[in-house]
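Welcome! Below is a guided walk through a protein model, meant for someone seeing it for the very first time. Take a look at the picture, then read on.

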Amino acid sequence: MVEKALLAIFLEGVFIKNFLIIQFLGLCSFVGVTKDVKSAAGMSGAVIFVMAMAATASYLLYTYILVPTGMTFLDLISFIVVIAALVQLVEFVVRKNIPSLYRSLGIYLPLITTNCAVLGVVLLNVQSEYNFMQSVVFGIAAGVGYTIVMLMMASIRERSTFVSIPSSIRGLPQAFLIATMLSLAFVNYFWVIPI
Amino acid sequence: MSTTTTFIIESMAILGGLGLAVGLMLIFASKKFKVETNPLVEEIITILPGANCGACGYAGCADFADRVVNENAPITGCPVGGFEVAKGIGGILGQDVSESEKQYPFIRCHGGLNCTDRFEYVGFEDCKAVMMLSDGEKGCSYGCMGRGTCVRACPFDALTIGEDRLPHVNRNLCTSCGLCISSCPNDVLVFAKESEKVHVRCVSHDKGKTVKEVCTVGCIGCKICEKNCPEQAITVTNFLAVIDQDKCTGCGICVEKCPQNTIEIR
């Protein structure tokens, strides 16, 4: 396998392999927490942190425990354990330090545990045989891509509440339409950076 | 030992060890980042019904308990628990609570089968869906559509759609949470106190002739009840009789006189 430059991995993670609207991972938070920019930003911060930490921890776990013992088939279940623990940790910290954010995130904070985007990052790292730095960069990139899309979506949805549209597509249908258009915009990155 | 057994033991050891390490880390973190919660909140959570129905307007029972202690949410805010729970919360917080009268949802329409249909509706069984088709299938656009949106909104199974295609309230199960009332798309359901005996079972503001064409029990605005009420408790405005419950003594004269049998004592 050809060694990829870190910048290429980063850009690929943010734009071309964008987790939310190209790979369709982690959609429940995408629809659920994008009603206002503030909570979308908070959620994104938490997700960046969890993704970077999960990429780090899972790389160490995979390379230094699972591979030497020949237990690589345990990757899925052990990654889930690691991610769940990390999310719990983030929840403790947020609850202690930013109670207002904790309240506005509500159910979605524990939902990062089952957020397939986080597990997706970790499994893609293993699949692409990235080394340590590449894994961490890809983790951060995935988080940054998530953040960009979350903020775009939240801003659009915040503004579009003032638009008069038929009541039959108000709310979630409208959100799906916005998501479609965002997704189409991001698909164009395939041609911008051919990899 | 066979290789399979070693293999299983090894994988168990790795997963178990991982779990143990993670668990220890979390215990440490939960000690370090412990949030001091008010013990009163925990105490209130234990006496709340725990239905998490959201009828109080907060995210759930735990959220309500938190708001009661920290943000002056009303002690009587839980409609499901009623007086007993309010008294319990008052006891914990050292406040007196006086009992308010029980109130139940009341269906302000007697149409059902007495009201003609304009067309045969085939589709999703939901009042809101029926409403989208030119204000419903019923000849009267004010009345109950009987498609059971309120029944599905009730978390306590207190409502049923009867033979007459109108919702009926089971008072033993009803907790007065008001979720059915907010779910009704036609505002047919309202709260009525138990002492309020006499009710007009119609909400139609149509003229008498129009009402008579579609419904045999609707209010035609003839003002007979208004003239006969000894307490002047009834006024007919906009072709609909409205009872002032403060003045009403429940004598029942209007019920007898009403030519359409719209007014009833319950």
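## A first look at the model

Of the 195 residues in chain A, 46% count as buried, where buried means under 20% relative accessible area, exposed means over 50% and partly exposed lies in between (1.4 Å probe, protein chains only). The model is a predicted one, in which local features need pLDDT of at least 70 and side-chain atom pairs count only at pLDDT 80 or more, while totals for chains, interfaces and linings use all residues; side-chain values use heavy atoms, with hydrogens and water left out. Residues are numbered from 1 along each chain as its sequence is written, and chains are lettered from A and ligands numbered from 1 in the order in which they are written.

Chain A has ten helices and zero strands. Helices (H or I, at least four residues) and strands (E, at least two) are DSSP runs, numbered from the N terminus. Contacts, meaning heavy atoms within 4.5 Å, often link distant parts of the sequence here: residues 24 or more positions apart account for 76% of the contacts in chain A with a separation of 6 or more.

## Spans marked in UniProt

For chain A, the unreviewed UniProt entry places the feature "transmembrane region" at residues 6-33, 45-67, 73-94, 106-126, 132-154 and 175-193. For chain B, an unreviewed entry lists the feature at residues 6-29. UniProt positions are given in the numbering used here, feature names are shortened, and annotations may be inferred rather than shown by experiment. Here is how some of these spans look in the model.

| Span | Helix | Strand | Distance between end C-alpha atoms |
|---|---|---|---|
| Chain A, residues 73-94 | 91% | 0% | 33 Å |
| Chain A, residues 132-154 | 100% | 0% | 33 Å |
| Chain B, residues 6-29 | 100% | 0% | 34 Å |

## Two helices that pack together

How do H7 and H8 of chain A meet? Helix H7 (residues 116-127) and helix H8 (residues 132-160) of chain A pack at an angle of about 145°, with their axes 10 Å apart. Axes are lines fitted to C-alpha atoms, for helices over the stretch in contact, and angles run from 0 to 180 degrees between N-to-C directions. On the H7(A) side, the contact is made by A:Val121, A:Leu124 and A:Asn125, and on the H8(A) side by A:Ser135, A:Phe138, A:Gly139 and A:Ala142. By class, this contact has four nonpolar, three polar and no charged residues. In that count, Ala, Val, Leu, Ile, Met, Phe, Trp, Tyr, Cys and Pro are nonpolar, Asp, Glu, Lys and Arg are charged, and the others, Gly among them, are polar.

One of these residues, A:Ser135, sits in helix H8 of chain A. A:Ser135 counts as buried because its relative accessibility is 1%. Not counting residues up to four places away in sequence, A:Ser135 touches A:Ala55, A:Tyr59, A:Asn125 and A:Tyr130.

## The nonpolar cores

A nonpolar core is a set of buried Ala, Val, Leu, Ile, Met, Phe, Trp, Tyr and Cys residues joined through side-chain atoms within 4.5 Å. The largest one has 52 residues, of which A:Phe19, A:Phe30, A:Met43 and A:Ile112 touch the most other members. Elements that each supply at least two of its residues include H7 and H8 of chain A and helix H1 (3-32) of chain B. H3(A) gives this core its largest share, nine residues. Looking past neighbours within four places in sequence, A:Phe30 is in contact with A:Leu20, A:Ile21, A:Val149, A:Met150, A:Met153 and A:Ala179. Apart from the largest core lies another, of 31 residues, among them B:Val41, B:Ala65, B:Tyr104 and B:Cys154.

## Cysteines and a histidine in chain B

Which residues does the UniProt annotation "binding site" cover? The unreviewed entry gives B:Cys140, B:Cys144, B:Cys150 and B:Cys184.

B:Cys140 lies in the loop between helix H5 (127-132) and helix H6 (149-153) of chain B, and counts as buried because its relative accessibility is 13%. Beyond neighbours within four places in sequence, B:Cys140 contacts B:Cys115, B:Ser204 and B:Val214. B:Cys144 lies in the loop between H5 and H6 of chain B and is buried, with a relative accessible area of 10%.

B:His205 is in the loop between strand E5 (198-200) and helix H8 (208-214) of chain B. With 35% relative accessibility, B:His205 counts as partly exposed.
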